Amino acid sequence: METFLEELGLLKEQGLYRQMRLVQGCQRSRVILDGREVLLLCSNNYLGLADHPLLKEAAIRAVEKYGVSSGASRLVSGTMELHQALEKRIARFKGTEAALVFNSGYAANTGIIPALTGKGDIIFCDRLNHASILDGCLLSRAKLVRYPHNDMPALQRLITANETTGRRLIITDGVFSMDGDLACLPELVALKKEFDALLMVDDAHGTGVLGTGGRGTSEHFDLLPEVDIQMGTLGKALGSFGAYVAASEGIIDYLVNRARSFIFSTSLPPSVLAASIAAFDLVDSSEGALLRGKLASNVTLFRSALCSAGVDTMGSETQIVPVFVGEPQPVMDFSRFLLEEGIFVQGIRPPTVPAGSCRLRCTIMATHARTDLERAIDAIIRGGKRVGVI
Ligand SMILES: Cc1ncc(COP(=O)(O)O)c(C=O)c1O
């Protein structure tokens, strides 16, 4: 016990200690935090669907009809009608032959990657990919080659230098979760073709948001059929919970037989499945298009005002808008200052991001009011001057 407490003490000294904050009520654009109303500027509920009436009604109806639990893993007795309905809905949405749901994005990445690769194979992984991807790569026992962020010439050199008779898997975030920039998808597709590799895109932050139909990063680049393994999450823009992979029938069948986080875990419950189906219907509707439009205009307002004031938003191209600070202590001071101003935004520190690149990770929602965003912009500019980053 002593050693754990010593380590915690060290984290506190280094400004790296983490604590959970209690949010009361629904995940709306304003929330009650520790008893006080604040503007929520750090949620992935990008379209505001987490308390949408259609999702809530679908979940309630599913509980009444199917109960609260699936009772087992999918290959035992836990495959219910709603699992099949959701997977069909996702495949239709993504234009793939098939889809499979997982219990979370973390479970998807730590299940899919070790299923598709093993000893003798090579994984090429962007340095800024999400931790769950890295953990999936480490579990696979394949050779792991991490390429510098979005550096396509470097990736080409590394693929050439690392020959294999096994499989090659290139894997990238679609929208990088802490930087808000996009993968270089056209170049990645060209490289996958040149080297006969599989391409996997984790579109946790692109699904529902990017592309005219909200189909994600690959729709944004008009490359939907070119991505072999399209993974995404249901707990962010879709406002529900869980994750999916959309791919060919062969790959999905293979994952059913090989992905350990799928095989050895109780499946998603009916309420979550029904809410997810309602979320895809909504994202696909005119209301979904309106919400994406509102989100895009909120993002433009927020990011352009910060950039004009001299804030470094680290190349963000999406609703994830980082504010670069550098070291842990000033980023936490900045976050505390904003909370005093009634704005809830988290400071992001190592190991989530590389040392020296601490940042505030601001996330914009379609449901943010313009006046609230203007208030946040003003406070961020004042805070940035206080901590010396403007
Ligand atoms: C890029 C990326 N992949 C995967 C995940 C994990 O998804 P989940 O929260 O559903 O476990 C996240 C979570 O933030 C993410 O940002």
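When I speak of a pocket today, I mean an open set of grid points, on a 1 Å grid over the protein atoms alone, with protein on both sides within 12 Å along at least five of seven lines, and a lining residue is one that has an atom within 4 Å of such a point. With that in place, let me take you through this structure, which, please keep in mind, is a predicted model.

I will begin with the largest pocket, which holds about 1,400 Å³ of space. Its lining is made up of 50 residues, and those that lie nearest the centre are Arg18, Cys42, Gln346, Ile348 and Arg361. Several elements give two or more residues to that lining, namely helix α5, residues 105–116, strand β9, residues 229–233, helix α14, residues 328–340, and the strands β12, residues 343–344, and β13, residues 347–348. The largest share comes from α14, which supplies five residues. If we sort the lining of this pocket by class, we find 19 nonpolar, 23 polar and eight charged residues.

The second largest pocket has a volume of about 380 Å³. It is lined by 16 residues, and the closest to its centre are Asn129, Ala131, Pro351, Thr352 and Val353. Here the largest share of the lining, three residues, is given by helix α6, which spans residues 131–140. The classes in this second lining come to seven nonpolar, four polar and five charged residues.

Let me turn from the pockets to the sheet that contains β12, one of the strands I listed for the largest pocket. This is an open sheet of four strands, in the order β1-β2-β3-β12, with mixed pairing. Which strands stand at the edges? They are β1, residues 23–24, and β12, and because each has a single partner strand, one side of each is left without a neighbour in the sheet.

Walking across the sheet from β1, we see that β1 and β2 pair in the antiparallel sense over two bridges, and that Gln24 has Ile32 in β2 as its bridge partner. These two strands form a hairpin with five residues between them, and in the turn Gly25 has a positive phi of about 80°. Next, β2 and β3 run antiparallel and are joined by four bridges, with Leu33 standing opposite Arg36 in β3. They too form a hairpin, this one with two residues between the strands, and Asp34 in its turn has a positive phi of about 50°. Finally, strand β3, residues 36–40, runs parallel to β12 and is joined to it by two bridges, with Leu40 opposite Phe344 in β12.

Before leaving this sheet, I would draw your attention to the two faces of strand β2, residues 30–33, since Val31 and Leu33 make up its covered face, whereas Arg30 and Ile32 make up the uncovered one.

Another pairing worth showing is that of strand β7, residues 168–173, with β8, which is parallel and extends over five bridges. Within this pair, Thr172 stands opposite Val201 in β8. Strand β8, residues 198–202, is mostly covered, with four of its five residues buried.

Now to the aromatic side chains, where a search of the whole structure finds three aromatic pairs. One of them is formed by Phe93 and Phe280, an edge-to-face pair with 5.0 Å from centre to centre and 65° between the planes. Since Phe93 lies in helix α4, residues 81–94, and Phe280 in helix α12, residues 270–283, this pair ties together parts of the chain that are 187 residues apart in sequence. Another is formed by Tyr244 and Phe280, likewise edge-to-face, with 6.3 Å from centre to centre and 70° between the planes. This pair also links distant parts of the chain, in that Tyr244 belongs to strand β10, residues 243–247, and Phe280 to helix α12, 36 residues apart. Taken together, the ring pairs link Phe93, Tyr244 and Phe280 into a cluster. As for exposure, Phe93 and Phe280 are buried, and Tyr244 is buried as well.

I will end with a single residue, Thr318, which lies in the loop between α13, residues 286–308, and β11, residues 320–326. Is this loop residue buried or exposed? Its relative accessibility is 3%, and therefore Thr318 counts as buried, the cut-off being under 20%. Leaving aside its neighbours within four places in sequence, Thr318 is in contact with Val175, Gly180, Leu182, Val299 and Arg303.

Key: Residues are numbered from 1 along each chain as its sequence is written. Side-chain values use heavy atoms; hydrogens and water are left out. On a 1 Å grid over the protein atoms alone, a cavity is a set of points where a 1.4 Å probe fits but cannot get out, and a pocket is an open set with protein on both sides within 12 Å along at least five of seven lines; lining residues have an atom within 4 Å of a point. Grid points are joined across faces, edges and corners, and a volume is the space filled by probe spheres set on the points. Ala, Val, Leu, Ile, Met, Phe, Trp, Tyr, Cys and Pro count as nonpolar, Asp, Glu, Lys and Arg as charged, and the others, Gly among them, as polar. Buried means under 20% relative accessible area, exposed over 50%, partly exposed in between (1.4 Å probe, protein chains only). Contact means heavy atoms within 4.5 Å. Two strands pair if DSSP finds at least two bridges between them. Rings of Phe, Tyr and Trp (its six-membered ring) pair if their centres lie within 6.5 Å; planes under 30 degrees apart count as stacked, over 60 as edge-to-face and the rest as tilted.
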